[in-house]
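Could you walk me through this structure, one selection at a time? I have the viewer open and would like to know what to pick next and what is there.

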Amino acid sequence: MPLAGPWLDSIFQGTPRRTGAWRTGTRGPVLRAVGGGGGGTMDSPEVTFTLAYLVFAVCFVFTPTEFHSAGLTVQNLLSGWLGSEDAAFVPYHQRRTAATLFCHSLLPLGYYVGMCFAASEKQLFSPSQAPEAWRLFFLLAVLLPTAAGTLAYYWSRDGWARHPLARSLALYALPQSGWQAVASAINTEFRRIDKFATGAPGARVIVTDTWVMKVTTYRVHVAQQQDVRLTVTESQQHELSPDSNLPVQLLTIRVASSSPAVQAFDIRLNSTEYGELCEKIRAPILRAANVVIRQSLSDLFLETFASLVEVNPSYAAPSSQELEACIGCMQTRANVKLVKTCQEVAEGECQQCYCRPMWCLTCMGKWFASRQDPQRPDTWLASRVPCPTCRARFCILDVCAVR
């Protein structure tokens, strides 16, 4: 490297050293002693393969975004056998957890096979002639997938009735029905579009109308909403989010069931998603005394947006005009109308909107916030955005509540 000379000179500046020491015969023994130099340990094929395989194994188990994009996941490689998660949530994850356990147990054996080529001088192709340490490693590499395969086969017996997920669902089954009825109800609720879902593939959080679920690499935790008690136990503040340049707060929530047979579990989510979770959870969420949940910038803006709209002139809808559901959320009736009140009709940048009331206050506030620069929150309140329907520009002063 061009900078190696100056960099080494700056490191050793003022340090006594013999001129030309690195150019004489002293280099070989010294570097061989630390594993460097030509033909050293760091240049051997077995070390290179070990490091490469270690990176691959870690990424295959804790799949990063790049591996997901490349399709190097158990879910993608075995998608034909696993089926669709949307079509059958419970059977999909029963197969997925079994397949993941077996595939991950093959990693040590894959390393041994690779070392047969990378270190052919060790005669690893013939375990009886291999060094004792490698014979023990080969035995472990064979036992792991054997045990994992046996366990997966045991889970699959009787229509997957022995799988841990099936046993968890059996706790909620009625006396006259089995765990399959509970699984069918979960499959139906998971297909609905109004479920709450967040998190990385290895720690997903899913909340439906009846269930709270956490999907991990080897297990699926399930709890019924009417039996659980949720408590925010911890909050962690990070200065930068991996997805943005804004600070992020991660919350840890303990999900504990009133039934002692159901194991409690923890879920983690961004504080910006806490409000959405509260809307989906019917039970109150408790909070530890030392936990402070920081509102997101969008939540703070929505509160301010609503308070400013309240003091704006209201819009009297004609008696013949029937207010329909908000086209943004389809949950509440439209209750705001854009009317230019900031200035006279012919003045300023704002324009008159002739759309009928089609949006609720919350959706209009979210639309307004989505058109802003996240790095300049000081300009949000004074900015102008286009109408989501007709594109006429308006400001906050033009948002009028329908009376």
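Contact, on this tour, means heavy atoms within 4.5 Å. Keep in mind as you click along that the model is predicted.

**Stop one: S271.** Select S271, which is found in the loop between β7 and α12 (274-280). Is S271 buried or exposed? With a relative accessible area of 4%, S271 is buried, because buried means under 20%. Now display what surrounds this serine: setting aside neighbours within four places in sequence, S271 is in contact with Q249, L251, I293 and R294.

**Stop two: from L251 across to β7.** Keep L251 selected and add L269, its bridge partner in β7. Colour the two strands involved, and you will see β6 and β7 pairing in the antiparallel sense over six bridges.

**Stop three: the other side of β6.** Next, select strand β5 (residues 228-238) together with strand β6 (residues 248-257); these pair in the antiparallel sense over 10 bridges. For a spot to zoom in on, try Q237, which stands opposite Q249 in β6. Q249 should look familiar, as one of the contacts of S271.

**Stop four: on to β8.** Add strand β8 (residues 285-287), which is joined to β5 by three bridges, with the two strands running parallel. Pick L230 here, and its bridge partner in β8 is I285.

**Stop five: the whole sheet.** Show these strands together. In what order do the four strands of the open sheet lie? The order is β7-β6-β5-β8, and the pairing is mixed. At the edges are β7 (265-270) and β8, each of which pairs on one side only. If you fit axes to the strands, neighbouring ones in this sheet are turned by 30° against each other on average, direction ignored. As a general reminder for your hydrogen-bond display, strands of a sheet pair through backbone hydrogen bonds, either parallel or antiparallel.

**Stop six: the largest nonpolar core.** Leave the sheet and select L169 and I186, the residues with the most contacts inside the largest nonpolar core, which has 38 residues. Which helix gives the most to this core? Helix α11 (residues 179-190) does, with five residues. Now centre on L169 and show its surroundings: not counting residues up to four places away in sequence, L169 touches V90, W179, V182, A183, I186 and V222.

**Last stop: a second core.** Apart from that core lies another, of 24 residues. To find it, select C326, L338, C355 and M364, which are among its members.

Note on methods: Residues numbered from 1 in each chain as written. Predicted model: local features only at pLDDT ≥ 70, side-chain atom pairs only at ≥ 80, totals over all residues. Heavy atoms only, no water. Core = buried A, V, L, I, M, F, W, Y, C linked by side-chain atoms within 4.5 Å. Buried < 20%, exposed > 50% of the residue type's maximum accessible area, 1.4 Å probe, protein only. Pairing = 2+ DSSP bridges. Axes fitted to C-alpha atoms, helices over the stretch in contact; angles between N-to-C directions.
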